[in-house]
Amino acid sequence: MRSETTSSPSLFRDPTRYDVVVIGAGHAGCEAAWASARMGMTTLLLTISIDQVAHMSCNPAVGGLAKGHLVREIDALGGLMAMAIDATGIQYRILNTKKGPAVRSSRAQADMYSYKSWVRERLEAQEGLHIKQGMVEGFLVDDAPGLRRINGVYTQAGEEFLASAVVVATGTFLNGLIHIGMTNYPAGRAGEFPSVGLSGALEALDLKMGRLKTGTTPRLDAKTIDFDRCQVQYGDKVPQPFSFRTGKIDRPQVPCWITRTNEATHNAIRSGLDRSPLYGGVIKGVGPRYCPSIEDKIVRFPDKTGHHVFLEPEGLQTREYYPNGVSTSLPIDIQIRMLRTIPGLEEVEIMRPGYAIEYDFVAPTQLGRDLMVRAVEGLYLAGQINGTSGYEEAAAQGLLAGINAALRNKGEPRLVLGRDEAYIGVLVDDLVTKGVTEPYRLFTSRAEYRLTLREDNADLRLMEKGYRAGLIAREEILQHREKVRTIKEGIDDVRGRKVTVSLPSGPPKGTSLEQVLRQPDVSYGDLVNFDKGFIPISEVEAARQVEIQVKYEGYIARQKAVVGKMARLETMAIPEDMDYSSLHSLSREVRDRLEDVRPLNLGQASRIPGITPAAVSALMVYIKARGRGKGEKGKHIQA
Ligand SMILES: Cc1cc2nc3c(=O)[nH]c(=O)nc-3n(C[C@H](O)[C@H](O)[C@H](O)COP(=O)(O)OP(=O)(O)OC[C@H]3O[C@@H](n4cnc5c(N)ncnc54)[C@H](O)[C@@H]3O)c2cc1C
């Protein structure tokens, strides 16, 4: 039965049935479809253009600060992204190498065309996964009183597909509107149709929607760039793979280039501000503060005399370059004028202009931590539709939504990741608890347990979960368990070995190799110099873990104690049928916010913006009283 609120001609009487339908083959949709099919669900991936599977709408790169952590977590859970970039990466760099391991992040330039075909090939080869081109216009919904359940989707061409779970991963396409100067036109992305019907269908399900915007840079023709006037930037000598499964990166690696804007560039930009959709009031959606357009940077930081521009290749078979740092929606004549003031770009030709895009998103506070819409059983949302920005954020959500759609169909408990377990947990908890007011991207600073959520230990944190979900192969998990055993034995070994060391001041002193390794300038490999009988572990990854875990043990223990304390709030469940409107001791605003999010436990409640510690205590008292059979009446709690 169609949702009462949507309509379209029914051409087919005998629709095909799937276990899971995924709408959109962007980074979220690809992971969702991959996970669902690998977990044994017959899965349909419907997308507007099959040629654009896993397309990189913006910069041709994967990873970066905090995003690299996400990619490693996706990999540990059995997702695609890390393997895809390892198969197609053309320049690898570890960022923050001078800082501690917690904030070290991997980043790699992708050959974006190889990336797309690699992902498409993998998806096409996956048993149980069907890919079809089609624009989804609306949902098939069972609408019984008190129960709204998803039943499938229908497309613009009139096809109907039945499924008990649907993952919507439509990116920037919902009512997408592109702006270049004062010109605007409907599009999902440059050169692609917008998705118009689906936004209305989501609204018809009573979902609260909003409008956001993002932007991208012009793309440049390398034939017209004078690289001799730019500074070369090489990647790491030995590229470190993203995936725990990749042995070695052996693709050719290429350089990027650095140049800089100057006063002439800024003047060219200022001369076009009166035709800027951003400053002319044409754009209504909110953009990302942390990823401003070049015109935004000039207006917000007028005293800055230059901004870096990184020239990044889009692939090995194309001459198109991505000038990272000059995202813009200024008119094309201003785009070309400002670019030609930049060293190396004096004669540059634009192959595709920069633009901004406004699009609809769904307020993510309406989702559970499994990414299912709370009010519509079986409907999951993932990626930019939830107000996030970035391929990695999208892929992480897609994977989680795909896993949960499959688990639900199998009647198994859902997979929810805690803030202390994974950056994916931080991302999802932030979204569903706090909501978004601007495109959300992940930062390491958003995680309170950074010391334990490192890129290097993503497998130790998550691989068993991926295995339980059915996404990690048996031989992989056995290998992983062997690694865990080696690490433990390595730590026990350094702990048990007693040595005598000479200190700069004072007499030689007896200590353990563990204490020696805690010294800042001593590495695991150096330990042979302190104990001739010591045989270091030969597996590089396991040896690295021994070093990190021993060196940071004190800090990690302190963080674990905090996690333990917070976990007590997380375990205090709020009854699912909680009637917040009857909690008169809480202010109306607090009640409304709690009603909006409907937190699962006190920990989540405490993170909702506007929920004070007093309100949390009041809730705690209420829950305890209710557990003893007493209600709100007779208590004197003010919050
Ligand atoms: C102009 C622009 C600039 C950006 N700038 C940045 C940036 O600076 N930094 C950053 O990190 N990220 C940026 N992004 C965002 C990044 O591209 C996205 O966050 C990421 O691709 C989102 O992934 P997704 O899977 O949610 O959606 P997308 O990658 O957008 O994929 C959506 C998919 O859904 C399909 N689809 C849509 N509607 C339907 C429908 N009705 N039926 C069937 N299929 C449908 C589309 O065809 C597409 O395949 C930018 C994106 C754009 C467009």
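Tutor: Two strands count as paired when DSSP finds at least two bridges between them. Keep that cut-off at hand as we look around this predicted model.

Student: What makes β18 and β19 a pair?

Tutor: Strand β18 (residues 308-313) is joined to β19 by four bridges. The cut-off is at least two bridges, so they count as a pair. They run antiparallel, and proline 313 stands opposite tyrosine 321 in β19. Six residues lie between β18 and β19, and the two form a hairpin.

Student: How do you know that β15 pairs with β19?

Tutor: Strand β15 (residues 219-221) shares two bridges with β19, in the antiparallel sense. At least two are required, so this counts as a pair. Glutamate 320 in β19 is the bridge partner of aspartate 221.

Student: Why is β19 called largely enclosed?

Tutor: A residue is buried when its relative accessible area is under 20%. In strand β19 (residues 320-324), four of the five residues are buried, so the rest of the structure largely encloses the strand.

Student: Why do β13 and β14 stand at the edges of their sheet?

Tutor: The open sheet has four strands in the order β13-β12-β21-β14, with antiparallel pairing. β13 (183-186) and β14 (209-216) each have a single partner strand, so one side of each has no neighbour in the sheet. From one strand to the next, the twist averages 25°. The partner of β14 is strand β21 (residues 355-362), joined to β14 by eight bridges, and methionine 209 stands opposite valine 362 there.

Student: What makes the atom pair of threonine 214 and the ligand a polar contact?

Tutor: A polar side-chain atom of threonine 214 lies 3.4 Å from a nitrogen atom of the ligand. The cut-off for a pair of N or O atoms is 3.5 Å, so this pair qualifies. Lysine 67 reaches a ligand oxygen at 3.3 Å through an N or O atom of its side chain, and alanine 169 has a backbone N or O atom 3.3 Å from a ligand oxygen. In total, 35 residues surround the ligand, and the closest are Ala28, Val136, Ser195, Gln384 and Gly390.

Student: Which residues touch the most other members of the largest nonpolar core?

Tutor: They are Val21, Tyr115, Val119, Leu123, Phe139 and Leu379, out of 114 residues. Helix α9 (residues 391-410) gives this core its largest share, eleven residues. Another core, of 22 residues, lies apart from it and includes Trp257 and Leu311.

Notes. Residues numbered from 1 in each chain as written. Predicted model: local features only at pLDDT ≥ 70, side-chain atom pairs only at ≥ 80, totals over all residues. Heavy atoms only, no water. Core = buried A, V, L, I, M, F, W, Y, C linked by side-chain atoms within 4.5 Å. Buried < 20%, exposed > 50% of the residue type's maximum accessible area, 1.4 Å probe, protein only. Axes fitted to C-alpha atoms, helices over the stretch in contact; angles between N-to-C directions. Near = heavy atom within 4 Å. Polar contact = N/O pair within 3.5 Å; in protein donor to acceptor, adjacent residues only side chain to side chain.
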